[in-house]
Amino acid sequence: MTLEQLVEDFLSQKRIAVAGVSRTKHDAANLVYKKLQGAGYEVFPVNPNADSVEGDPCFRTLAAIPGGLDGVVIATRPGVADALVEECAASGVPRVWMHRSFGTGSVSDTAVERCRHHGIAVIAGGCPMMFCDPVDFPHKCMRWALRLTGGLPKDG
């Protein structure tokens with residue numbers, strides 16, 4: 001699938017977890033969480049060390065979220081992404097988006113390969129805020145710059 005098809009498929013879902021949210025409100029994961037929440041998604045914050053995030057109950061694991069998930073945004077260190085992909089596979093999560101704008105972000109080559117091994121559709125980089133309508137001006141600029149420099153994820 002092309003990047004556009006992967007993004008369209010991911011964002012057409014309703015139940016999405018964001019792993020890596022923190023008690024610090026301006027972290028990338030928190031911003032993605034609030035954006036998806038504001039766009040009408042049923043979104044679940046995941047952090048093994050927090051009881052609440054952004055005033056909402058926080059889940060320590062993906063398996064603790066009742067009712068299953070359509071997708072997971074991973075916004076953690078790359079090393080944590082490996083374990084999260086295994087959690088996704090064990091929980092039957094069919095889609096993963098590893099957050100990255102500039103720098104390494106959450107993308108782990110091992111985690112990407114594990115997604116493919118488990119049949120999980122993966123977006124290895126980019127940010128949902130670059131694609132989730134309405135896209136704000138700074139994220140439009142980031143998407144343009146990353147597309148120009150080859151920094152957006154490759155097709156699946």
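**Exercises on Arg 95 and the cysteines**

Leaving aside neighbours within four places in sequence, Arg 95 is in contact with Asp 9, Phe 10, Gln 13, Asp 70, Gly 71, Val 72, Ile 120 and Ala 121 in the structure, which is a predicted model.

**Exercise 1.** Determine whether Arg 95 is buried or exposed, and identify the polar partners of its side chain.

*Solution.*
1. Locate the residue: Arg 95 belongs to strand S6, which covers residues 95-98.
2. Assess its accessibility: the relative accessibility of Arg 95 is 15%. Buried means under 20% relative accessible area, so Arg 95 is classed as buried.
3. Examine side-chain pairing: the side chains of Arg 95 and Asp 9 are joined by a polar contact of 2.7 Å.
4. Examine backbone pairing: a polar atom of the Arg 95 side chain lies 2.9 Å from the backbone oxygen of Asp 70.
5. Relate this to the contact list: Asp 9 and Asp 70 both appear among the residues in contact with Arg 95.

**Exercise 2.** Establish how many disulfides the structure holds, and examine Cys 88 and Cys 132.

*Solution.*
1. State the total: the structure contains zero disulfides.
2. Consider Cys 88: its nearest cysteine sulfur belongs to Cys 115 and is 6.7 Å away. A disulfide requires two cysteine sulfur atoms within 2.5 Å, and Cys 88 is in no disulfide.
3. Consider Cys 132: its nearest cysteine sulfur, that of Cys 127, is 9.6 Å away, and Cys 132 is likewise in no disulfide.
4. Add the accessibility: Cys 88 has a relative accessible area of 0% and is therefore buried. Cys 132 is buried as well, with a relative accessible area of 3%.

Key. Residues are numbered from 1 along each chain as its sequence is written. This is a predicted model: local features need pLDDT of at least 70, side-chain atom pairs count only at pLDDT 80 or more; totals for chains, interfaces and linings use all residues. Side-chain values use heavy atoms; hydrogens and water are left out. Helices (H or I, at least four residues) and strands (E, at least two) are DSSP runs, numbered from the N terminus. Buried means under 20% relative accessible area, exposed over 50%, partly exposed in between (1.4 Å probe, protein chains only). A polar contact is a pair of N or O atoms within 3.5 Å; within protein, one must be able to donate a hydrogen and the other to accept it, and residues adjacent in sequence count only if both atoms are side-chain atoms. Contact means heavy atoms within 4.5 Å.
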